[in-house]
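Before turning to the details, take a moment to look over the chain from end to end. The paragraphs that follow go from the strands to the core and then to the whole.

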Amino acid sequence: QVQPVESGGGLVQAGGSLRLSCAASTFIFSIDNMDWYRQAPGKQRELVASIISGSKTAYVDSVKGRFTVSRDNAKNTVYLQMNSLKPEDTAVYYCFFPGMDHWGKGTLVTVSS
């Protein structure tokens, strides 16, 4: 089964930074689009960032200028660099890509005020 493993979350103060990692558990060199989602407590899961064809990126307005998505095909890993974190960024973060069989467990990011 293809299931991502997210890591890198933790507790940080507002204004701090975290770098999330997603180990895809499969070869990703042929996957054009990989995404990061997040789900805040009591809220629906939302798309946060996407990386397309290994270079083009897209972000939800609320994180533009603060988050950066990247990928390392040799390591089969996708990253989400999060800077200037805000309390409203608190959520469980998940990665997503075509072909995965299940959502991963996600990694919890908690931003204190």
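Two strands are said to pair if DSSP finds at least two bridges between them. In this predicted model, strand β3, residues 18-23, and strand β8, residues 77-82, pair in the antiparallel sense over six bridges, and within this pairing C22 stands opposite V78 of β8. These two strands belong to an open sheet of four, arranged in the order β1-β3-β8-β7 with antiparallel pairing. At its edges lie β1 (5-7) and β7 (67-72), each of which pairs on one side only, and from one strand to the next the twist averages 15 degrees. As general background, the strands of a sheet pair through backbone hydrogen bonds.

The protein as a whole has 10 strands and zero helices.

From the strands we can move to the interior. The largest nonpolar core holds 28 residues, and those that touch the most other members are W36, F67, V69, L80, M82 and Y93. Two or more residues come to this core from each of β3, β4 (33-39), β5 (46-52), β7, β8, β9 (91-96) and β10 (107-112). Leaving aside residues up to four places away in sequence, F67 touches a set of residues that includes R38, V48, Y59, L80, M82 and Y93.

Finally, consider the overall form. Of the 113 residues, 41% count as buried, and the C-alpha trace spans about 40 × 25 × 20 Å along its principal axes. Because a compact globule with 113 residues would have a radius of gyration near 13 Å, the protein's value of 13 Å agrees with that expectation.

Conventions:
Residues are numbered from 1 along each chain as its sequence is written. This is a predicted model: local features need pLDDT of at least 70, side-chain atom pairs count only at pLDDT 80 or more; totals for chains, interfaces and linings use all residues. Side-chain values use heavy atoms; hydrogens and water are left out. Axes are lines fitted to C-alpha atoms, for helices over the stretch in contact, and angles run from 0 to 180 degrees between N-to-C directions. A nonpolar core is a set of buried Ala, Val, Leu, Ile, Met, Phe, Trp, Tyr and Cys residues joined through side-chain atoms within 4.5 Å. Buried means under 20% relative accessible area, exposed over 50%, partly exposed in between (1.4 Å probe, protein chains only). Contact means heavy atoms within 4.5 Å. The radius of gyration is taken over C-alpha atoms; the globule rule is 2.2 Å times the number of residues to the power 0.38.
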